[in-house]
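Work through these short exercises with the model open. Each task is followed by its solution.

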Amino acid sequence: MNGHYPNPAEPALAWAEDAACRGRDVSEFFTKNQRRVQEIKNLCERCPVREKCLDEALRAEDTSRYGIYGGLTAEERARLGRRR
Ligand code: SF4
């Protein structure tokens, strides 16, 4: 399974089979280029498993995690996590 989602080795993440990022180059999700960040966010916006991806990213979050998950950058997830 290729793509970019939290803990891809976790068997419980069967939902990742439906991810819009399936088959994409993972490095695209770690770009600092703002135009590319917006393109990836647009992809996540259309992803049928976005909510599950974001929930899993927030659950698995640690200080070393970065990149876009569930349509949010690490900084945006950190802000959301503090509000939850
Ligand atoms: S929300 Fe984005 S990062 Fe998460 S599975 Fe969907 S396309 Fe991939």
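**Exercise 1.** What is the volume of the largest pocket? Find which elements and residue classes line it.

*Solution.* This is a predicted model. Start with the size: the largest pocket has a volume of about 200 Å³. Next, list the lining. Phe-29, Phe-30, Thr-31, Lys-32, Gln-34 and Val-37 are among the lining residues. The lining also includes Tyr-66, Gly-67, Ile-68, Thr-73, Ala-74 and Glu-75. Now assign elements. Helix 1 and helix 3 (74-83) each give two or more residues to this lining. Finally, sort by class: six lining residues are nonpolar, four polar and two charged.

**Exercise 2.** Check the span of helix 1, then decide where its buried residues lie.

*Solution.* Take the length first. Helix 1 has twelve residues, and at 1.5 Å a residue they should span 16 Å. The end C-alpha atoms are 16 Å apart, so the two values agree. Then pick out the buried residues, using under 20% relative accessible area as the cut-off. They are Val-37, Ile-40, Lys-41, Leu-43 and Cys-44. Viewed down the helix axis, these buried residues fall within an arc of 155°, so they line one face of helix 1. Arg-35 and Glu-45 are exposed on the other side.

**Exercise 3.** Which elements give two or more residues to the largest nonpolar core?

*Solution.* Begin with the members. The core holds 16 residues. Trp-15, Cys-21, Phe-29, Ile-40, Val-49 and Ile-68 touch the most other members. Then turn to the elements: helix 1 (34-45) and helix 2 (50-60) each give two or more residues. Helix 1 gives the most, with four.

How values were computed
Residues are numbered from 1 along each chain as its sequence is written. This is a predicted model: local features need pLDDT of at least 70, side-chain atom pairs count only at pLDDT 80 or more; totals for chains, interfaces and linings use all residues. Side-chain values use heavy atoms; hydrogens and water are left out. A nonpolar core is a set of buried Ala, Val, Leu, Ile, Met, Phe, Trp, Tyr and Cys residues joined through side-chain atoms within 4.5 Å. Buried means under 20% relative accessible area, exposed over 50%, partly exposed in between (1.4 Å probe, protein chains only). On a 1 Å grid over the protein atoms alone, a cavity is a set of points where a 1.4 Å probe fits but cannot get out, and a pocket is an open set with protein on both sides within 12 Å along at least five of seven lines; lining residues have an atom within 4 Å of a point. Grid points are joined across faces, edges and corners, and a volume is the space filled by probe spheres set on the points. Ala, Val, Leu, Ile, Met, Phe, Trp, Tyr, Cys and Pro count as nonpolar, Asp, Glu, Lys and Arg as charged, and the others, Gly among them, as polar. The expected span of a helix is 1.5 Å times one less than its number of residues. The arc is that of the directions from the helix axis to the C-beta atoms.
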